[in-house]
Amino acid sequence: FELASGKHSRRYFSAARLLGKPEVVEELTSELAASCRGFGVDAVLGANEAGSVLASGVAGSLRRPLVLGGRRGGEYQLLGAPELRGVRVLVVDDVTTSGGTAHVLLDLVREAGGIPVGLGLVATKGLVQLDLEVPVSILGTLRDMDAVTPEECSACAEGLEPSPTVA
């Protein structure tokens with residue numbers, strides 16, 4: 001599979017399947033909200049499909065406004081021109097491989113004058129140590145996951161094309 005980071009993986013975790021189950025979403029977002037409650041959150045930011053669904057649930061649990069982000073023209077941006085100057089923002093996402101999307105979203109908050117106060121993740125692949133300069137709350141680690149550059153990919157070396165993943 002080709003991941004959003006550009007890396008390749010033998011296995012892919014699709015949060016979309018979990019997010020189709022309201023009882024699972026409620027449990028995950030309640031747990032994320034509880035783990036991030038001490039961050040002093042004024043607003044919650046989520047991007048893309050999975051991150052937005054999760055952020056909406058966390059924002060509801062925390063009784064805070066929701067801010068949405070997404071890719072437009074290949075670049076992430078905040079949607080709807082939210083006023084974030086001085087606002088303490090929690091970024092929420094589903095799964096991270098390298099922390100790349102989290103870095104971009106945290107930078108978007110800073111560029112808009114907001115104050116990133118934390119990152120809430122459903123899971124990490126446990127492949128890198130996240131250094132994001134904000135507190136990070138992770139509900140779990142996915143096991144037996146990998147992420148390699150296309151040059152290191154054994155399937156590519158055999159001439160197989162990676163399958164695209166859903167963002």
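Start by selecting Ala 81, in the loop between strand 3 (75–78) and strand 4. Helices (H or I, at least four residues) and strands (E, at least two) are DSSP runs, numbered from the N terminus. Ala 81 counts as exposed because its relative accessible area is 70%; the cut-offs are under 20% for buried, over 50% for exposed and partly exposed in between (1.4 Å probe, protein chains only). Check the backbone too: phi of Ala 81 is near 50°, a positive value in a residue other than glycine. Most residues other than glycine have a negative phi.

A word on what you're looking at: this is a predicted model, where local features need pLDDT of at least 70 and side-chain atom pairs count only at pLDDT 80 or more, while totals for chains, interfaces and linings use all residues. Residues are numbered from 1 along each chain as its sequence is written, and side-chain values use heavy atoms, with hydrogens and water left out.

Next, pick Asn 48 in helix 3 (residues 48–62). Here phi is near 65°, again positive in a non-glycine residue. Asn 48 is partly exposed, because its relative accessible area is 21%.

Now go to strand 4 (residues 88–96) and select Asp 93. What is the nearest side chain of opposite charge to Asp 93? That's Arg 71, 9.2 Å away, and the buried Asp 93 has no salt bridge. A salt bridge here is a side-chain nitrogen of Lys or Arg within 4 Å of a carboxyl oxygen of Asp or Glu; for charge, Lys and Arg count as positive and Asp and Glu as negative, with His and the chain ends not counted. Show the residues in contact (heavy atoms within 4.5 Å): leaving out residues up to four places away in sequence, Asp 93 touches Gly 51, Leu 54, Thr 101, Gly 120, Leu 121 and Val 122.

For a pair that does meet, try Asp 107 and Arg 110, whose side chains form a salt bridge at 3.0 Å, N to O. A search of the whole structure finds 1 salt bridge. Both residues lie in helix 4 (residues 100–111), 3 residues apart, about one turn of the helix. Asp 107 is partly exposed because its relative accessibility is 35%, and Arg 110 is partly exposed with a relative accessible area of 35%.

Last stop: Ala 155 in helix 5 (residues 154–157). Add Phe 1 and draw a C-alpha distance: the two atoms are separated by 9.7 Å, with the residues 154 apart along the chain. Ala 155 is partly exposed, because its relative accessible area is 28%.
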